[in-house]
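This briefing concerns the internal cavities of the structure shown below. It takes the cavities in turn, with attention to what lines them.

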There are 2 protein chains.
Amino acid sequence: MSAGGFGTVAVVGGGLIGGSAARRLHGLGADVMVVDPDAGTREAAAAAGLAVAEVVPADCGLVVVATPLDVLPVVLADVASRTRAVVVDVGSVKATAAAAAEAAGLAGRWVGCHPMAGTEQSGFAHSSAELLVGVTWAVTRGAGPVETVVAWLVASFDATVVVLDTDAHDRAVALVSHAPHALANALLEVVEVAADPAAAHLAAGSFRDGTRVAGRDALRSRNMLTDNAAALGPVLDDLVALLQAYRRELDDADLLADRLGRVSAGADVVRRPDLVWAPCPDLAMVLTGPGAVVVRSGVTGLEAAPAR
Amino acid sequence: MSAGGFGTVAVVGGGLIGGSAARRLHGLGADVMVVDPDAGTREAAAAAGLAVAEVVPADCGLVVVATPLDVLPVVLADVASRTRAVVVDVGSVKATAAAAAEAAGLAGRWVGCHPMAGTEQSGFAHSSAELLVGVTWAVTRGAGPVETVVAWLVASFDATVVVLDTDAHDRAVALVSHAPHALANALLEVVEVAADPAAAHLAAGSFRDGTRVAGRDALRSRNMLTDNAAALGPVLDDLVALLQAYRRELDDADLLADRLGRVSAGADVVRRPDLVWAPCPDLAMVLTGPGAVVVRSGVTGLEAAPAR
């Protein structure tokens with residue numbers, strides 16, 4: 001599947017993610033169009049050399065929906081009414097997106113996607129042709145053309161694609177994306193509330209990195225946290241219990257040393273997960289398993305590995 | 001005060017911080033010596049062109065103690081018995097260091113310092129002449145030659161120095177350094193314990209930055225958390241309460257949006273604290289206040305600003 005294999009690609013929502021997807025596809029020579037209700041966004045996209053429109057054209061082959069999560073139901077219903085194209089979205093909570101796609105009657109031609117990339121910025125002005133390239137994309141199983149979309153992501157974005165079930169996606173990102181966003185905001189909040197005159201002047205790397213994603217677009221953060229409440233709630237409960245344990249163990253140095261030693265010993269499993277790659281001549285067959293499968297472009301073509 | 005104004009500088013402990021201080025001072029042409037009980041560290045320091053020794057020489061002018069926090073009492077007592085030089089330490093909890101200096105009989109010639117820099121690495125191999133340059137150093141008030149040390153830090157490390165009381169330092173770093181380390185470890189721990197096969201493969205920027213300082217040298221992390229238990233405990237209590245609020249507000253999107261909006265609105269006060277600089281012809285007088293004072297080198301010489 002070449003980058004242009006879908007014919008015209010309509011990217012709905014010219015923000016950080018949509019703008020970056022459109023710039024990349026345009027750079028590959030694909031026929032791409034940015035669809036955005038905001039005139040300023042359309043002007044910025046046009047100035048970057050992109051075709052623009054206010055509504056999705058009927059004759060496109062693929063629609064990439066990159067709008068805020070809370071308007072996804074309205075946008076998917078609108079898209080469904082305008083074209084018979086394949087539709088993907090890039091939202092961070094796939095249960096929300098799947099429900100919206102189902103309600104819009106798109107289930108058979110919708111595939112849930114989620115690029116694991118972004119910055120603390122938002123808007124077309126911060127988008128770039130490189131942001132989504134060479135990164136991991138999650139794709140959720142469903143009734144839509146999953147293999148076609150996976151192959152397109154690998155070809156267009158040099159993506160490493162993790163294919164998994166909707167609920168498995170939402171549990172995993174609760175751990176590695178939504179919990180970090182909640183913690184980062186809580187850390188920034190506790191320092192703001194303390195109003196300690198010296199704290200801000202002594203803040204350095206650990207605070208800067210620990211709060212990088214905090215205090216940004218409040219509604220975007222709110223949407224992803226509340227939309228994934230079912231998966232995120234138990235993770236926050238676990239984090240509360242852990243922090244209460246750290247608190248108790250401030251008075252028991254041996255216990256805290258044991259705990260931190262265990263965390264260090266287990267870090268590589270999370271930071272450098274091991275994968276055993278194999279050639280993947282039949283993508284559809286590889287994706288017919290219960291667990292998560294990772295797909296990438298290797299020297300001999302598509303390669304796949306079971307996640308573990 | 002020139003970089004060489006203290007005569008021979010003995011750096012005790014050739015790890016990440018001590019090694020970096022020694023490399024910088026050596027690069028400035030100062031007479032500097034790395035004192036470390038570990039033969040491998042001495043060899044590495046010597047290979048980098050630094051003078052080395054097993055014990056502190058009597059005739060040095062300044063001793064920079066950069067050992068782990070838990071051996072500070074033993075090291076300061078040893079240093080006190082070997083030289084009449086001024087002594088500074090670079091530990092992250094100043095109450096611990098002040099008590100150790102007092103017990104060693106060093107109070108009148110000891111100044112507590114804390115460079116707000118570091119990496120997730122440790123050891124001489126990771127040290128560099130640049131690590132401690134141009135960064136913020138905390139210096140605590142006390143009976144030692146505070147002004148001399150502040151001027152030396154500004155001259156030698158192009159430091160922005162925050163001068164403050166010991167307890168104010170420990171409260172501030174509990175907020176902006178020790179709490180981030182605890183949160184980072186708790187976040188890494190919750191993902192390790194979950195053993196979710198997809199999570200590690202979907203981890204990206206927010207998780208990487210949120211756990212950068214976690215899962216590293218467990219004893220170093222333990223020491224700074226437990227040594228600062230008095231200041232860190234209440235911060236962890238506040239963070240637990242905040243996370244419990246985030247947890248509740250997953251089911252009340254408006255409340256969570258209000259909260260995240262407040263965090264965003266207040267972020268600049270913490271991230272870009274405002275300072276009003278004034279020339280500082282008399283450093284001793286400027287430092288005679290109750291609050292924190294920030295000192296730097298400006299175009300006309302030393303400049304100072306009250307922290308706020």
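In this predicted model, the lining of the second largest cavity comprises 11 nonpolar residues, one polar residue and no charged residues. The structure holds two cavities of 30 Å³ or more, and the largest has a volume of about 150 Å³.

**Second largest cavity**

- The volume of the second largest cavity is about 60 Å³.
- Its lining residues are Ile17(A), Gly18(A), Ala21(A), Leu25(A), Val64(A), Ala66(A), Val88(A), Val90(A), Leu132(A), Trp137(A), Trp152(A) and Phe157(A).
- Two elements of chain A, helix H1 (16–27) and helix H5 (146–157), give two or more residues to this lining.
- With four residues, H1(A) gives the most to the lining of the second largest cavity.

**Largest cavity: volume and centre**

- The largest cavity, with a volume of about 150 Å³, is lined by 20 residues.
- Of these lining residues, Asp209(A), Gly210(A), Asp209(B), Gly210(B) and Thr211(B) are the closest to the centre of the cavity.

**Largest cavity: elements and residue classes**

- In chain A, helix H6 (166–194) and helix H8 (205–210) each supply at least two residues of the lining of the largest cavity.
- In chain B, helix H6 (166–194) and helix H8 (205–210) likewise each supply at least two residues of that lining.
- By class, the lining of the largest cavity consists of 10 nonpolar, six polar and four charged residues, whereas the lining of the second largest cavity has no charged residues.

Definitions and conventions:
Residues are numbered from 1 along each chain as its sequence is written. Chains are lettered from A and ligands numbered from 1 in the order in which they are written. This is a predicted model: local features need pLDDT of at least 70, side-chain atom pairs count only at pLDDT 80 or more; totals for chains, interfaces and linings use all residues. Side-chain values use heavy atoms; hydrogens and water are left out. On a 1 Å grid over the protein atoms alone, a cavity is a set of points where a 1.4 Å probe fits but cannot get out, and a pocket is an open set with protein on both sides within 12 Å along at least five of seven lines; lining residues have an atom within 4 Å of a point. Grid points are joined across faces, edges and corners, and a volume is the space filled by probe spheres set on the points. Ala, Val, Leu, Ile, Met, Phe, Trp, Tyr, Cys and Pro count as nonpolar, Asp, Glu, Lys and Arg as charged, and the others, Gly among them, as polar.
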